[in-house]
Amino acid sequence: MEAAKPSLTIAPRRSKIVELLNLRYLDGVMLGASIGLIAFSVFTLASATRHEVAAQPLYFVERQVLYGLIGIALMIFVSRIDFTRLRELRLSLYAAMVGSIVLVLLLGTAVRGSHRWIELPLFRFEPSELAKVLLCVSLSALIYERVRRPFGLRQTVSLLALGLAPAALVLLQPDLGTGIVLVAIVLATLFVAGIPWQHFAAIGAAAALIAGGAYLTGSAAGVQFLHGYQQDRLTAFLHPSDDPSDASYQVNQAVIAVGSGEKAGRGNDATQTELLFLPERHTDFIFAVIGERFGFLGAAFVIFLYAVLFWRALRVMRVSTSFYGVMIAGGIVAMLAFQVIVNAGMNLGLMPVTGITLPLISYGGSSVLGTFLALGLLQSIHAHSRMHG
Amino acid sequence: LYLLDRPEDIPPRLTNRLNARIAVLTAVVIAAVAMVLLRLWSLQVLSGDHYRALAKDHGILDVRVHPPRGEILDRNGRVLVENRTVMSLELRPSDLPSSRSERRHELAKLGDLLGLSQREIRRRVRATPQYAGYPVVLKQGLDRRLLFYLLENKESFPGVSVERTYVRDYKDGTLAAHLLGLVGQISPHQLKGPAYRGLKPGDIIGQAGVEYTYDRFLRGTAGSQRIQVDALGRPRGTLGNLPAQAGDNLRLTLDAGLQGVGEAALRAKGLPGAFVAMDVHTGAILAMGSYPTYDPSFYTQPHTKAQYDAFGNRAGDPLVDRADQGGYPTGSAFKPITATAALEENLISPGTIFDDTGSLDIGGIVLHNAGGAANGPVDMSTALKVSSDVYFYNLGLHAHASGNGGQIQDWAHEFGLGRKPAIDIPDATSGLIPTPAWRNRVYRSRKNPYIDRPWTQGDNVNLAVGQGDVQVTPLQLARAYAALANGGTLVRPHVGGRIVDIHGRTVRRIKPAPQRHLHISPETRGVILGGMERAAMEPGGTSYPVMGGFPFPVAGKTGTAQREGQQDQSWYGVIAPYDNPKIVVAATVERGGFGVESAAPIARAILEHYFRLNAGGASGAAAASAGGVE
């Protein structure tokens, strides 16, 4: 109808791309925030890991760019899937999730005494990253099945059991970080599903009782529920020390790194993160690297991007035309927010060291792909509500 | 449940309850994000400068680079002390295995290899300042076997490294050990002293002997290296470098050959003793030794406190330098001092004769000549030749009765006896010349059970022959004799000759001015030296049996001091040549009997070497005169 304007001669092609990329139905703000985060990750890795791998200054950068591109493609692909159909696959998805965790337990490569990943040609596949998303999808579907019946304590208990089973398996790996993220997802999903407040109170009381009882009987029987290093990490932020091999030392160094960034950052004068005062600086402690190199401006900008992401994700919950979608989105919000808060908190000396990555910012294929998969689902829910709303 | 009434495929109209739950979730997320932002603000904006400061001196290690210490050479340029680089075993506690059992296992293995107990290792680790992998030296001077074993088994000893360090290398073993002295880590007390400004804990300084006195020249200037280290204390690059400056070399006045001859002669006696050979005009020490001695290289190795104590407390007190710290009664070797006092104070004239009947009755106490000899009527010269005690007893009595009663004491003090000898090595003793005031004060204080009565004339008589409470070191006697020999100049003895920088340039000559000039008339000097010459060169003289055959005249005086509870102390002091004095030698041997028996042969051996008598006779003597000193 506007053929008279010459500038629109390319319009058909452009709309094809829009069509192909599902852009018309995507949440552009969320898309922008997620691409901004992965770009910031690449920028940080490019400036901070130049000397990490000998003779390969771009080792981490190249790989993270690749993971990012694959992740964005994956996100767009997933956004085109009708997520409501996933409900039909709930048992297969649940089984796949549990199966992948068990597979890691059985086959996984032993790294630092814990089994967390499977060697794939391109990267080490960490099934627990996929499991987080699968749990959001399958648990929501399982809840949805029970929605029509009266929601008694029995339902709550059975759903809780279904949700906590994979968490327990992950803890067996042992992967404390992913385990508690799974627990957070389960609780958030149940919360969004509308489980009565009283049930939550009961869950809380039971958890306190079990934890306390286990601790008492366990220490009496000399059984350790947490590995030594896990115990150290969890309690370390309460009593800092000077031992570089110590978890509390790492927290101390992270706080010094972040603080020393001041307002504008130290740029290439950064010493804390350059001189190995911090371990895992491209993964778990990358937020400290950002804090030191780019200062308050850089770190606050990252938190701002996350805030945008959370805002859009919460908005997806409100605009969704499907209750199933609301629950999935709730789980994903909990998953992302929990990881961001715990990881940033750990870098800022507020939270214990748990080995939780910073979504899209931490280096790593599994983490990046898993996060984009989750964002793809959010986009799919968003697109679904656009189409059907 | 709020959706129970809703058909599943119909899009959910958001109920109030769902909205409320989403609102709660939103509130939780907002709170969490706000918490992170507030914490960021607090760390980076409010306390940012604090953390920036923390981070800045983090990872920077200033390593002090110790300079090589200057060498010590003898007067002819022969190296006595130099530096040796040794492989030392260092332990970096931060690099030890983190597992307790592995750490214990490694330290136990290390302890076995080094012969150190676990307690000792822990003690040394604690004694070393800890910062980012600062090393603890566990052993210096690894032998090759141990070195190769450690290098081959590097992997089984994480945290252990082998480094090069400097230690003192004593080229001639025990030669002149007491004079050369020792080096050691600066003590906390010394660190506060103005002489050690700028030094740091762990620096090595001279702690005894010339190493102590000339430390400021020898020690050089420490450099420093600013190193970037990572969290494990591993060097990651050098940020700056201030090179260390080597210390200057010290040329001594000592003649290593002469020193060796003296020490050998003394050692041959097998008894504790000491000797001093000094230039009579300048006070330059040519040789000075003490027996028993010790091997200073013992101190180049780390030892336990028990080992140090055991080393120092061995029989015969080997660490004591008897040449300047051993105060003994001199016996008749004191007589030239008494003679000077008597002649200069006109108590007698050179021709005054006393009849030596072999004994003298002093207020009821009968004193005898040593050996009970009776020399008949003797004048001063003869009294010195035969060492007539009775003659000098009379001088003691006269001195007691005339003037202030302390003329012998006054002259002894003039000669530097009972006074610090002002030598350039630390801890020389002042000895003691007993005076009435001293004895009465000690008697009244009742602190010394041997001083059980006030001063009497008997004490002065005893002093006149070098007996009783008098204490003189060989160095003091040599200095007093040198004053007689050179016409009254009381020199300041010194071992240091000059300071030479690393390019061989002399940066300082050590020529201490004489302490004072004594007014001794030429007649007095002539009579006394003449008497001493006769004692050495004439048959019947006390040291004639040893010195009689010497190719040219010398002037010497023996001493045989009675000491409570042990055999007599043997003394000999000799000035040579008699007609043109160049060198004075004083020697003493504890429990050595008569002066002529033990001490005189040592002095003769030194003189023979000094005048090259062993090698070329008269031509040697000429060479010695031409060579001179300084």
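Here are some friendly notes on this predicted model, point by point.

1. **Ground rules.** Because the model is predicted, local features need pLDDT of at least 70 and side-chain atom pairs count only at pLDDT 80 or more, while totals for chains, interfaces and linings use all residues. Residues are numbered from 1 along each chain as its sequence is written, chains are lettered from A and ligands numbered from 1 in the order in which they are written, and side-chain values use heavy atoms, with hydrogens and water left out.

2. **Chain A overall.** You will find 13 helices and four strands in chain A; helices (H or I, at least four residues) and strands (E, at least two) are DSSP runs, numbered from the N terminus. Of its 389 residues, 56% count as buried, where buried means under 20% relative accessible area, exposed over 50%, and partly exposed in between (1.4 Å probe, protein chains only). Contacts (heavy atoms within 4.5 Å) reach far along the sequence: among those between residues at least 6 apart, 72% join residues at least 24 apart.

3. **Surface of chain A.** About 16,300 Å² of chain A is exposed, and carbon and sulfur atoms supply 66% of that. Accessible areas come from the Shrake-Rupley method with a 1.4 Å probe; for residues, only the protein chains shown count as cover. Val102(A), Leu103(A), Leu106(A) and Leu107(A) make a nonpolar surface patch of about 390 Å². Patches take residues with over 30% relative accessible area and no salt bridge, joining like charges within 9 Å and nonpolar side chains (Val, Leu, Ile, Met, Phe, Trp, Tyr) within 5 Å. Leu103(A) sits in helix H4 (residues 90-107) of chain A and, at 38% relative accessibility, counts as partly exposed.

4. **Helix H13 of chain A.** How far apart are the end C-alpha atoms of this helix? They are 34 Å apart, which agrees with the 34 Å expected for the 24 residues (365-388) at 1.5 Å a residue; the expected span is 1.5 Å times one less than the number of residues. H13(A) is also mostly covered, with 21 of its 24 residues buried.

5. **Asp215(B) and Arg69(B).** The structure holds 24 salt bridges over all chains, each being a side-chain nitrogen of Lys or Arg within 4 Å of a carboxyl oxygen of Asp or Glu. One of them joins Asp215(B) to Arg69(B) at 2.9 Å, N to O. Asp215(B) lies in helix H9 (residues 215-218) and Arg69(B) in the loop between strands S1 (60-65) and S2 (72-73) of chain B, so the pair ties together parts that are 146 residues apart in sequence. Both partners are buried: Asp215(B) has a relative accessible area of 1%, and Arg69(B) is at 8%.

6. **Two further pairs in chain B.** Glu538(B) and Lys385(B) also meet in a salt bridge, at 3.2 Å, N to O. Glu538(B) counts as partly exposed at 28%, whereas Lys385(B) is buried at 12%. Arg453(B) pairs with Asp459(B), the closest N and O atoms being 2.9 Å apart; here Arg453(B) is partly exposed at 34% and Asp459(B) is buried at 7%.

7. **Asp203(B).** Is this residue buried or exposed? At 4% relative accessibility, Asp203(B) counts as buried. Its place is the loop between helix H7 (188-191) and strand S7 (204-206) of chain B. Not counting residues up to four places away in sequence, Asp203(B) touches Arg64(B), His66(B), Gly184(B), Gln185(B) and Ile186(B).
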